Amino acid sequence: MRSVLPALLILGSLSACAPQGVQAPETYPLSGRVSGDWGSSPRLRLALVGTGIPGVVKNDSAIGQNLVSGGLNSWEFGFDLPKPGAFNVAGVYQVVVFDDANNDTKYNVGEKFARNRQWLIVSPVNGNFAGVNLPDFLGGAEALPAMTLSSGWNLYDQSRPLGAGNPSAFTTLRDYDLSR
């Protein structure tokens with residue numbers, strides 16, 4: 001019996017590293033609904049877009065995800081957000097849905113897309129975020145105001161006043177709805 005124990009421990013640790021298969025939408029760290037008119041037979045896909053350190057500009061649709069039809073012009077989705085850490089230190093992102101018309105699994109300019117007014121901000125520490133302004137050649141306007149963040153993922157909802165739980169830290173986020 002003793003000789004079997006090390007083998008079981010090794011197998012258990014290897015299975016913990018195995019890639020996860022497609023899961024039900026509500027089991028992902030980020031989930032919500034997609035709705036609206038996307039035309040006939042759309043090839044909907046999700047992508048994490050934004051900017052951060054060290055990735056600079058990100059347009060990543062290779063992240064684990066699942067979109068399930070919920071009827072006419074309605075889908076449920078789940079999306080696997082990257083874990084904050086060495087490869088995702090800080091950044092400001094949104095998850096967008098797009099019709100992958102050419103089926104290349106990447107968002108290309110001209111493909112139909114939708115986003116919302118909720119920003120996903122990852123921070124390495126608890127503290128103050130200085131805000132983000134657009135470059136002068138794009139008008140120089142404030143894109144995101146200064147705010148206080150928690151370490152890890154934070155949700156900033158532009159449709160609500162800043163403060164009193166906006167932004168809020170999360171590990172699991174439901175109702176991140178996208179509509180066209």
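**Exercises: aromatic rings, cores and a pocket**

The count of aromatic pairs comes to three in this structure, which is a predicted model.

**Exercise 1.** Classify the geometry of the ring pair Tyr-107 and Phe-113.

*Solution.*
- Start with distance. The ring centres of Tyr-107 and Phe-113 lie 5.7 Å apart. The cut-off for a pair is 6.5 Å.
- Next, the angle. The two planes meet at 70°. Over 60 degrees counts as edge-to-face.
- Conclude. The Tyr-107 and Phe-113 pair is therefore edge-to-face.
- Widen the view. Phe-98 joins Tyr-107 and Phe-113 in one aromatic cluster.

**Exercise 2.** Place Tyr-107 in the fold and describe its surroundings.

*Solution.*
- Locate the residue. Tyr-107 sits in the loop that runs between strand 6 (90-99) and strand 7 (113-114).
- List its contacts. Leaving out residues up to four places away in sequence, Tyr-107 touches Asn-59, Phe-98 and Phe-113.
- Check a distant part of the chain. Leu-46 is 61 residues away along the chain, yet its C-alpha atom is 8.8 Å from that of Tyr-107.

**Exercise 3.** Assign Tyr-107 and Phe-113 to an accessibility class.

*Solution.*
- Recall the limits. Buried is under 20% and exposed is over 50%.
- Take Tyr-107. Its relative accessibility is 23%, so Tyr-107 is partly exposed.
- Take Phe-113. Its value is 39%, so Phe-113 is partly exposed.

**Exercise 4.** Describe the largest nonpolar core and the strands that build it.

*Solution.*
- Size it. The largest nonpolar core holds 23 residues.
- Find the hubs. Phe-79, Leu-81, Val-95, Leu-120 and Tyr-176 have the most contacts inside this core.
- Name the elements. Two or more residues each come from strand 1 (30-35), strand 2 (44-53), strand 5 (74-79), strand 6, strand 8 (118-123) and strand 13 (152-157).
- Look at one hub. Beyond its neighbours within four places in sequence, Phe-79 has contacts that include Tyr-28, Leu-46, Leu-48, Ile-63 and Val-95.
- Separate the second core. It has eight residues, among them Val-92, Ile-121, Leu-144 and Tyr-156.

**Exercise 5.** Characterise the largest pocket by volume and lining.

*Solution.*
- Give the volume. The largest pocket measures about 470 Å³.
- Count the lining. It comprises 18 residues.
- Find the centre. Val-49, Gly-50, Thr-51, Gln-94 and Trp-119 lie nearest to it.
- Trace the elements. Strand 2, strand 3 (56-60), strand 6, strand 10 (132-133) and strand 11 (142-144) each supply at least two lining residues.

**Exercise 6.** Locate the charged end of Arg-180 relative to the ring of Trp-38.

*Solution.*
- Read the position. The charged end of Arg-180 sits over the Trp-38 ring.
- Add the distance. The separation from the ring centre is 5.4 Å.

Notes:
Residues are numbered from 1 along each chain as its sequence is written. This is a predicted model: local features need pLDDT of at least 70, side-chain atom pairs count only at pLDDT 80 or more; totals for chains, interfaces and linings use all residues. Side-chain values use heavy atoms; hydrogens and water are left out. Helices (H or I, at least four residues) and strands (E, at least two) are DSSP runs, numbered from the N terminus. Buried means under 20% relative accessible area, exposed over 50%, partly exposed in between (1.4 Å probe, protein chains only). Contact means heavy atoms within 4.5 Å. A nonpolar core is a set of buried Ala, Val, Leu, Ile, Met, Phe, Trp, Tyr and Cys residues joined through side-chain atoms within 4.5 Å. Rings of Phe, Tyr and Trp (its six-membered ring) pair if their centres lie within 6.5 Å; planes under 30 degrees apart count as stacked, over 60 as edge-to-face and the rest as tilted. A charge sits over a ring if NZ of Lys or CZ of Arg is within 6 Å of the ring centre and within 35 degrees of the ring normal. On a 1 Å grid over the protein atoms alone, a cavity is a set of points where a 1.4 Å probe fits but cannot get out, and a pocket is an open set with protein on both sides within 12 Å along at least five of seven lines; lining residues have an atom within 4 Å of a point. Grid points are joined across faces, edges and corners, and a volume is the space filled by probe spheres set on the points.
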